[in-house]
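Got the viewer open and a hand on the mouse? Let's walk through this one stop by stop, selecting as we go.

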Amino acid sequence: MELKNLLSEKRDVILERWFDLILKSYPADTSSFLRNQKNQSTNPVGHTILKSIEGLFDKLIEGLDHTSGDSWSSFLDNIIRIKAVQDFTPSHALSFIFDLKKIIREELKNDPVLNSIQDNSGSGNGITVELSKLDSRIDALALDSFDIYMKCREKIYDLKAKEFENKTFRLLQMANLIYDKEEEQRLDKDHGNLKKAL
Amino acid sequence: MSNKVPTPDELSKIDYTPPKKGWMDTPVEFKPGTWCYGSRPKYLESVDFPNPRDWKPTDDDWKLPENWKEIFLKGMEERLRKYRSFRLFMDICVRCGACADKCHFFIGSGDPKNMPVLRAELLRSVYRKYFTASGKLLGKVAGARELTIDVLKELWYYYYQCTECRRCSVFCPYGIDTAEITIIARELLNLLGLNTDWIAGPVANCYRTGNHLGLEPHTFKNSIEFFLSDIEDITGIKIEPSFNRKGAEILFITPSGDTFADPGTYTCMGYLMLFHELGLDYTWSTYASEGGNFGFFTSNEMAKRLHYKIYAEAKRLGVKWILGGECGHMWRVLNQYLDTWHGPADFLEEPVSPITGTTFENAKSSKLVHIAEFTADLIRNGILKLDPSRNNHLKVTFHDSCNTSRGMGIFEEPRFIIRSVCNHFYEMPEDTIREKTFCCGSGSGLNAGENMELRMRGGFPRANAVKYVKEKHDVNMLANICAIDRAALPPLMDYWVPDVRVAGVHELVGNALVMKGEKERIVDLRGEPLPVKSESTSSEEVKEG
């Protein structure tokens, strides 16, 4: 549980560095806007990224001491949904997940408390085990992010196909080329009633 | 394989930070999903536009005329002389940056060349080089650059990433209308045959048949008649509208999209029901069968050519005035340019509602009344019997369309109508509505399929505001008064805020309208079950979030 406490203490600084690194993947003019404009409505990208990484980080730590299912997908979805339509290659879009490993390692490396624990024979191993658990969780996050990224991209192609379908549907309908089961049943019924009446 | 596979260690050291380079030194890169296909030659030929040929924007050779540079610069010179606003907009920007973060494409894409100031600089830099002394002498130091083929490609790429929504102009202390810069830039590009297929097609269709879809008169009539059986099924009322009827008091014009694709079709049903209930003496035209004007996205002259059919038809049919449906750029064209093009339509009468006697003084010159004004006036005068509880299954928010809000100041009428026909209405955050409304991301002819990623980015600020009211108030319907919105917002919602659907305001009117002699309604205009009535449903519950 030591790692969890350490990471909770360092939450703000880790998140700040993570946010900073994500914003650096945008051109300089853009990243300063994404960082400085705090209005949720007028800076939806910056706001969503920040809120999503906060949520992701909390879920990551939360899961260190239990094995229940991860509920980070909504946070992951919010951020990846944006990156999936921006000018990023898939690897670039998802690289932010792996950045977290590097940031956490660097932050812990300089931590005096952690260093003193590691000097103390035995306890350091606990941290090492926990760190490897954290790595696995970040890897799981990465795997989930592949799924979400693909879902977003498939949605884009689905939207393109749907638009095309909508354009032609009415034409087919007007040309009586659409088979409508309900309509046929209604006509059959009317026809039956007519026969009865005769 | 010749490429060396990087080791994990090398991979972890990849620096994704973009290199710091000036915008002039950052060449344009045509990224998939951000640009529309080039126009087919047949469309350009049909309206005598220059340089018709097969071309792709990603081709190295755009098959331009040899003297393309001369044509472009001569076109620029002519327009600088002709439009004082254009010269002013080229000269007076102090690059204060007030507009920089106001564009939905910049906000959604993060591409600095989508900042309105920088988008304008793309053309300004050419202006400085060829039309100012400082630019001619000092070149890059004075912010000037040569017009090269790469610069031309950059202009094409970014001026077809602007929806001419004018949000940026609201914030400019000098009143620079960046949309007008885009309009002129597109005119110049059109001199070289650099149009998109999605715009050129509707222009050619409209010129030939009177509507963007290219529907022949009988098809247009059929598509309207198609709704009549649906209306009869839902209400038990048989409606018989007239087409091309001479001597009708009013000519009704609406975007052809509403006659053809859902959910605009439900809005169209709403119009038909309303006019029938009023016993309005009106007619449809199968010739002036389009309110929209894609010509506006190519050149001033083309917009003018396409627009006049509405008035020519009004003259031919001998109507007194014109009523216009829920459309976006139709109204901007009319409100901003009509009098300059054709002068006041003096052969028509100043519009007076035959039902309420209200004179629409604002339409004194154009003789064309917006249906939101017309219906709001009916409701204000207590003419319509409405049952808002029929819309109780809908939690509605309203998207101000750029053209009707910033282009002509229609803010209150649609809200007044929605509040009268729905019990659940919630506003999106203040920074995203009325004159500060965020564009749907697909206006000005950008609602093609091939640029879906661009549309999703550009529409993100709007979608984000919808998401906010969905999470806060469980909003499930996004109302609007624009046909492009009705086409563009459904996929936008599908991607960003699933479960929120899109409706024209007159669809909601059609649902709530209690018609004389109607049977008990069990479904709404979409054929979906109406909410079960309860004691409390008649009480009005209007909230703002």
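Start where two domains of chain B meet: across the interface of domain 1 and domain 2 of chain B, 15 residue pairs are in polar contact, with both partners at pLDDT 80 or more. That pLDDT value is there because this is a predicted model, and side-chain atom pairs count only at 80 or more.

**Stop 1: two domains in chain B**

To see the two parts, colour residues 23–195 of chain B as domain 1 and residues 202–538 of chain B as domain 2. Their C-alpha centres lie 32 Å apart. Now look at the seam. On one side, 34 residues of domain 1 of chain B are in contact with 37 residues of domain 2 of chain B. Together the two domains of chain B bury about 3000 Å² between them, and 59% of that is on carbon and sulfur atoms.

How many salt bridges cross the interface of domain 1 and domain 2 of chain B? The count is 1. To see a salt bridge up close, select E301(B) and K82(B) and show their side chains: these two meet at 3.1 Å, N to O.

Next, pick out the helices on the domain 1 side. α2 (41–46), α5 (104–109), α9 (167–171) and α10 (178–190) of chain B each supply at least two residues of the side of domain 1 that touches domain 2 of chain B. Which of them gives the most to that side? Highlight α10(B), which contributes 6 residues.

While you're around here, slide over to E164(B). This residue sits in the loop between α8 (149–159) and α9 of chain B. What's curious about its backbone is a positive phi of about 55°, even though E164(B) is not a glycine.

**Stop 2: where chain B meets chain A**

Bring chain A back into view. Here 48 residues of chain B are in contact with 39 residues of chain A. The size of an interface is often given as the accessible area lost when the parts come together. For chain B and chain A, the buried area is about 3800 Å², 59% of it on carbon and sulfur atoms.

How many salt bridges are there between chain B and chain A? There are 7. For a salt bridge to zoom in on, select D87(A) and R457(B), whose side chains meet at 2.7 Å, N to O. You can also hunt for polar contacts across the interface of chain B and chain A: 12 residue pairs make them, both partners at pLDDT 80 or more.

Which elements should you highlight on the chain B side? α5, α12 (217–235), α19 (452–458), α20 (460–473) and α21 (483–496) of chain B each give two or more residues to the side that touches chain A. You've met α5(B) before, on the side of domain 1 that touches domain 2 of chain B.

**Stop 3: the four-stranded sheet**

Switch to a cartoon view and find the open sheet of 4 strands in chain B, in the order β2-β1-β3-β4, with parallel pairing. At its edges are β2 (282–284) and β4 (368–370) of chain B, and each of these pairs on one side only. From one strand to the next, the twist averages 30°.

Now zoom in on β1 (250–253) of chain B, which pairs with β2(B) in the parallel sense over 3 bridges. Select F252(B) and look across to β2(B): the bridge partner there is W284(B). Then add helix α16 (371–380) of chain B, which packs on the sheet and touches β1, β3 (321–324) and β4 of chain B. The direction of α16(B) makes about 65° with that of β4(B).

Want a backbone oddity here too? Select D262(B) and P263(B): a cis peptide bond joins them, with omega about 0°. P263(B) lies in the loop between β1 and α13 (264–278) of chain B.

**Stop 4: the three-stranded sheet**

Last, find the open sheet of 3 strands in chain B, ordered β5-β6-β7 with parallel pairing. β5 (396–398) and β7 (501–504) of chain B are the edge strands, each pairing on one side only. Ignoring direction, neighbouring strands of this sheet are turned by 35° against each other on average.

Finish on β5(B) and β6 (477–480) of chain B, which pair in the parallel sense over 3 bridges. Which residue of β6(B) stands opposite F398(B)? Click on A479(B) to see that partner.

Terms used: Residues numbered from 1 in each chain as written. Chains lettered and ligands numbered in written order. Predicted model: local features only at pLDDT ≥ 70, side-chain atom pairs only at ≥ 80, totals over all residues. Heavy atoms only, no water. Pairing = 2+ DSSP bridges. Axes fitted to C-alpha atoms, helices over the stretch in contact; angles between N-to-C directions. Domains from an automatic or database assignment. Contact = heavy atoms within 4.5 Å. Buried area = accessible area lost by both parts, 1.4 Å probe. Salt bridge = Lys/Arg side-chain N within 4 Å of Asp/Glu carboxyl O. Polar contact = N/O pair within 3.5 Å; in protein donor to acceptor, adjacent residues only side chain to side chain.
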